[in-house]
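Student: Please walk me through this model. Keep it brisk.

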Amino acid sequence: MTEAILLVGGQGTRLRPLTSHIPKPLLPVAGVPFLTHQLARAAEAGVTRIVFATSYLADLFEEEFGDGSRLGLHLEYVSEETALGTGGAIRNAAARLRSAPDEPVLVFNGDIISGVDIAALRDGHRASGADVTLHLKRVADPRAFGLVPTDADGRVEAFLEKPQTPEEITTDQINAGCYVFTRSVIDRIPPGRAVSVERETFPQLLASGAHVRGVVDDGYWLDLGTPAAFVQGSADLVRGRIASPALPGPVGDALVLPGARVHPRALLSGGTVVAAGAVVAEGAVVEGSVVMTGAHIAARASVHASVVGRHASIGEGSVLNAVVVGDGAEVTEGNELPPGLRIACGARLPAHGIRTSASPVTCTAQGIAHSGVPHASPAAH
Ligand code: GDD
Ligand code: MG
């Protein structure tokens with residue numbers, strides 16, 4: 001038996017408004033809730049039981065995945081009343097583990113898509129006798145991550161979460177958000193309070209001389225925390241740049257899910273997904289984008305690297321590039337939207353300027369409800 005803890009309690013703030021009512025790991029990516037890809041890969045690698053460490057919108061995870069039998073897994077759910085941070089969440093979830101003190105336990109961040117060989121990571125951990133093994137990745141700009149320099153033998157020398165100054169950037173190796181802990185090490189994390197595994201647990205383990213290994217793997221890896229990464233991850237899965245046993249259709253230039261209607265003279269490319277009930281009309285061009293359930297792209301609209309939320313509509317001839325359109329929002333005809341714009345759920349963008357909808361709507365986990373005050377706001381992408 002191999003057990004894992006999955007960290008899925010974060011609020012996904014950088015993906016708002018998409019995450020206002022759906023937690024980031026449940027957003028549809030390449031046609032299925034994002035986490036399905038990661039769970040299917042874990043099952044393939046021999047993971048049998050996974051404890052979900054939830055907090056934000058906790059109930060939705062069990063509603064989606066149930067006991068896990070559909071994926072060949074046993075799933076359990078633990079919810080934090082107030083978020084305990086990554087380390088506190090791991091400690092809290094460990095109450096449900098069955099592994100013996102010397103057995104390896106995998107821990108995953110819930111917003112990563114990665115091709116790392118999970119079984120090899122676990123087996124290497126066991127063979128080395130390490131306390132913790134970290135999957136590391138080399139990136140061009142490590143500022144948004146945890147920096148993890150290692151020595152010639154792969155021993156971790158330091159752990160610095162989100163470096164603040166250029167002098168602090170001493171390596172291009174970052175924490176890729178997948179760990180193997182020897183179970184007894186998890187049990188030493190203080191219980192009942194917020195703990196950051198990155199800012200507290202790893203630095204303390206290193207200070208105490210613990211054996212912390214880093215394994216650099218330069219295969220496919222992406223943190224889906226930003227809109228740009230979200231659309232890229234979805235498109236990469238659709239085009240087969242990263243394999244997933246959970247992809248609900250053949251690899252190709254676009255994925256059109258059952259119940260979607262795409263006009264024969266519309267052009268889909270770049271790994272676009274069109275979900276059930278969505279419509280793409282004549283002459284529309286949709287490239288590298290995610291078109292969610294029930295959305296409507298009118299004739300000759302042009303949508304690039306964007307997310308069109310559930311039941312949102314894009315008017316005739318409108319042009320979107322790197323835009324996030326919240327659920328139920330309406331972009332009327334002839335709009336050209338600046339890159340990075342995020343449109344709140346239910347907002348209405350007339351041809352010139354932004355004003356609120358006559359019939360305001362807000363997003364809910366189930367769909368669209370009428371109430372609330374919509375708005376649109378430009379935001380960094
Ligand atoms: N249960 C629970 N409780 N989960 C949490 C909590 C919490 O209080 N806080 C965060 N999480 C979960 C998130 O849902 C996510 O799956 C994971 O922990 C990491 O949180 P993020 O908010 O996505 O962190 P990050 O992307 O800024 O940084 C982390 O990931 C990077 C790799 O993508 C760190 O681990 C970095 O060191 C790492 O480089
Ligand atoms: Mg993240």
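Tutor: Terms first. Helices (H or I, at least four residues) and strands (E, at least two) are DSSP runs, and they are numbered from the N terminus. Also, this is a predicted model.

Student: OK, metal first. Which residues are the protein donors of the magnesium ion (ligand 2)?

Tutor: D111 and D223, each through OD. They lie 2.1 to 2.5 Å from the ion.

Student: And where do D111 and D223 lie?

Tutor: D111 is in the loop between strand 6 (104-109) and strand 7 (112-114). D223 belongs to strand 13 (residues 221-223). The two parts are 112 residues apart in sequence, so the pair ties them together.

Student: Are D111 and D223 buried or exposed?

Tutor: D111 is buried, and D223 is too.

Student: Now ligand 1. Which residues come nearest to it?

Tutor: There are 27 residues around ligand 1, and L7, E161, N175, E198 and D223 come nearest. D223 is also one of the magnesium donors.

Student: What polar atom of E198 sits by a ligand 1 oxygen, and at what distance?

Tutor: An N or O atom in the E198 side chain, 2.5 Å from an oxygen atom of ligand 1.

Student: What about N175?

Tutor: There the backbone takes part. A polar backbone atom of N175 is 2.6 Å from an oxygen atom of ligand 1. G110 also uses its backbone: one of its N or O atoms there lies 2.8 Å from a ligand 1 oxygen.

Student: Switching to pockets. What volume does the largest pocket have?

Tutor: About 1,000 Å³.

Student: Which residues are nearest its centre?

Tutor: R14, K24, N109, D111 and D223, out of 43 lining residues. Both magnesium donors, D111 and D223, are thus named in that list.

Student: Which elements supply at least two residues of that lining?

Tutor: Helix 3 (85-93), strand 11, helix 6 (197-207), strand 13 and helix 7 (227-238).

Student: How does the lining of the largest pocket split by class?

Tutor: It has 16 nonpolar, 17 polar and 10 charged residues.

Student: And the second largest pocket, what is its volume?

Tutor: About 540 Å³. It is lined by 25 residues, and I22, L26, P28, P33 and E64 are the closest to its centre.

Student: Which element gives the most to that lining?

Tutor: Helix 2, with 4 residues. Strand 3, helix 2 (59-65) and strand 20 (290-291) each supply at least two.

Student: How do its lining residues divide?

Tutor: For the second largest pocket, 17 are nonpolar, 4 polar and 4 charged.

Student: How many cavities of 30 Å³ or more turn up?

Tutor: A search of the whole structure gives 1. The largest cavity has a volume of about 150 Å³.

Student: What lines the largest cavity?

Tutor: It has 16 lining residues, with Q38, R41, I112, I113 and S114 nearest its centre. Helix 1 (35-44), strand 6, strand 7 and strand 11 (173-182) each give two or more residues to the lining. By class, the lining is 9 nonpolar, 6 polar and 1 charged.

Student: On to backbone geometry. Which peptide bond is cis?

Tutor: The one from R16 to P17, with omega near 10 degrees. P17 sits in the loop between strand 1 (3-7) and strand 2 (28-29).

Student: What is phi of A30?

Tutor: Near 50 degrees, so to speak on the positive side in a residue other than glycine. A30 lies in the loop between strand 2 and strand 3 (32-33). A30 is buried, at 1% relative accessible area.

Student: And what phi does H311 have?

Tutor: About 60 degrees, positive, and H311 is not a glycine. H311 is in the loop between strand 23 (307-308) and strand 24 (313-314).

Student: Is H311 buried or partly exposed?

Tutor: Partly exposed, because its relative accessibility is 45%.

Student: Last one. Where is Y56?

Tutor: In the loop between strand 4 (49-54) and helix 2. Y56 counts as buried because its relative accessibility is 16%, and the cut-off for buried is under 20%.

Student: How far apart are Y56 and S79?

Tutor: 23 residues in sequence, and 8.6 Å in space, C-alpha to C-alpha.

Terms used:
Residues are numbered from 1 along each chain as its sequence is written. Chains are lettered from A and ligands numbered from 1 in the order in which they are written. This is a predicted model: local features need pLDDT of at least 70, side-chain atom pairs count only at pLDDT 80 or more; totals for chains, interfaces and linings use all residues. Side-chain values use heavy atoms; hydrogens and water are left out. Donors are N, O and S atoms within 2.8 Å of the metal (3.2 Å for Na, K and Ca); water is not among the atoms, so sites may look incomplete. Buried means under 20% relative accessible area, exposed over 50%, partly exposed in between (1.4 Å probe, protein chains only). On a 1 Å grid over the protein atoms alone, a cavity is a set of points where a 1.4 Å probe fits but cannot get out, and a pocket is an open set with protein on both sides within 12 Å along at least five of seven lines; lining residues have an atom within 4 Å of a point. Grid points are joined across faces, edges and corners, and a volume is the space filled by probe spheres set on the points. Ala, Val, Leu, Ile, Met, Phe, Trp, Tyr, Cys and Pro count as nonpolar, Asp, Glu, Lys and Arg as charged, and the others, Gly among them, as polar. A residue is near a molecule or strand if one of its heavy atoms lies within 4 Å of it. A polar contact is a pair of N or O atoms within 3.5 Å; within protein, one must be able to donate a hydrogen and the other to accept it, and residues adjacent in sequence count only if both atoms are side-chain atoms.
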